[in-house]
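Good morning, colleagues. Please take a moment to look at the sequence and the structure on the screen before I begin.

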Amino acid sequence: MGRYFMRLGYRGAPFHGWQRQPNAPSVQQTIEEALSTVLRREVPIVGAGRTDTGVNARTMYAHFDFDDELPDTGRLLVSLNRLVGRDIAIHEIFPVAEDAHARFDATGRTYKYFVAFEKTPFFYPLSWFCPSRLDIDMMNAAAEKLLSTADFTSFAKLHSDAKTNICKVTHARWDMEKPNMAVFTISADRFLRNMVRAVVGTLVDVGRGKMSLEEFDDVIRSKNRCSAGQSMPGEALFLWDVDYDFINLKK
């Protein structure tokens with residue numbers, strides 16, 4: 001039995017998230033059906049995480065098992081990319097150790113959230129339009145507090161199945177990448193469901209002057225999702241990267 005990692009990306013709008021759904025299209029289902037068609041047997045895949053409806057991934061990893069020798073990887077990629085459609089791109093497939101795991105062996109993940117300050121038909125499908133300027137300095141002052149936060153209950157989806165709300169955030173910062181585009185980048189060892197969108201919504205409240213830095217501290221200490229800001233729209237959120245120790249994972 002051989003195990004393989006797959007590196008891919010996708011636009012989230014056409015899908016109801018990564019995870020297979022009973023009555024709605026998902027990224028996982030689309031790729032599994034393509035693999036099963038090409039390899040002529042059912043091939044389940046396990047992703048590095050679960051993105052919600054509409055959320056994009058510049059980089060996602062998944063693993064699958066196959067008990068025969070894979071066809072030529074170049075031709076396999078061509079066939080799979082033809083079948084999955086234009087909203088998914090499979091970039092690479094490579095062998096790994098039999099116990100390598102796309103989810104549990106990930107050492108970190110990075111998300112980016114894009115905010116556009118100018119109305120344009122070219123930005124809106126993949127960013128959130130904010131007609132008024134935000135105080136980026138104040139938002140960064142609040143974001144810095146996340147680096148010393150351990151319990152992210154205030155930013156976790158209510159009634160989720162997470163066993164713990166403890167996360168270690170290693171980077172959290174807003175940058176102006178263009179005069180009319182702000183990007184929030186956050187990296188951590190793990191993320192809770194809806195966590196990034198809740199964090200961004202709360203930071204936007206700080207940037208609008210609706211919440212002070214002291215009140216932001218209060219939100220964190222409250223461990224109450226209702227005290228934090230709104231959950232921001234998913235189309236502006238990207239799973240940007242997933243980190244692994246590939247030296248130990250590869251076959």
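I shall discuss two helix pairs and then the largest pocket. Please bear in mind that this is a predicted model.

Two packed helices are described by the angle between their axes and the distance between the axes. I begin with helix α1, residues 27–39, and helix α2, residues 73–84. Their axes lie 9 Å apart, at an angle of about 130 degrees. Angles over 115 and up to 145 degrees fall in the oblique class, and α1 is therefore oblique to α2. The crossing of this pair is right-handed.

Which residues form the contact of α1 with α2? From α1 come Thr30, Ile31, Ala34, Leu35, Thr37, Val38 and Leu39, and they meet Leu76, Ser79, Leu80, Leu83 and Val84 of α2. Nine of these residues are nonpolar and three are polar, with no charged residue in the contact.

The second pair is helix α3, residues 136–144, with helix α4, residues 195–207. Here the axes come within 8 Å and cross at roughly 135 degrees, which means that α3 is oblique to α4. This crossing, too, is right-handed. On the α3 side, Met138, Met139, Ala142 and Ala143 take part, and their partners in α4 are Leu203, Val204, Val206 and Gly207. The contact comprises seven nonpolar residues and one polar residue, and no charged ones.

I turn now to the largest pocket. Its volume is about 830 Å³. Of the 34 residues in its lining, Ala48, Gly49, Arg50, Arg103 and Phe191 are the closest to the centre.

Which elements give two or more residues to this lining? They are strand β2 (46–47), strand β5 (108–116), helix α4 and strand β9 (237–243). Helix α4 thus appears both in the contact with α3 and in the pocket lining. By class, the lining has 17 nonpolar, eight polar and nine charged residues, whereas the two helix contacts have no charged residues.

How values were computed
Residues numbered from 1 in each chain as written. Predicted model: local features only at pLDDT ≥ 70, side-chain atom pairs only at ≥ 80, totals over all residues. Heavy atoms only, no water. Axes fitted to C-alpha atoms, helices over the stretch in contact; angles between N-to-C directions. Helix = DSSP H or I, 4+ residues; strand = E, 2+ residues; numbered from the N terminus. Parallel < 35°, antiparallel > 145°, perpendicular 65-115°, else oblique. Left-handed = near helix turned anticlockwise from the far one by under 90°. Contact = heavy atoms within 4.5 Å. Nonpolar A, V, L, I, M, F, W, Y, C, P; charged D, E, K, R; others polar. 1 Å grid on protein atoms, 1.4 Å probe; cavity = no way out; pocket = protein on both sides within 12 Å on 5 of 7 lines; lining within 4 Å. Points joined across faces, edges and corners; volume = space filled by probe spheres on them.
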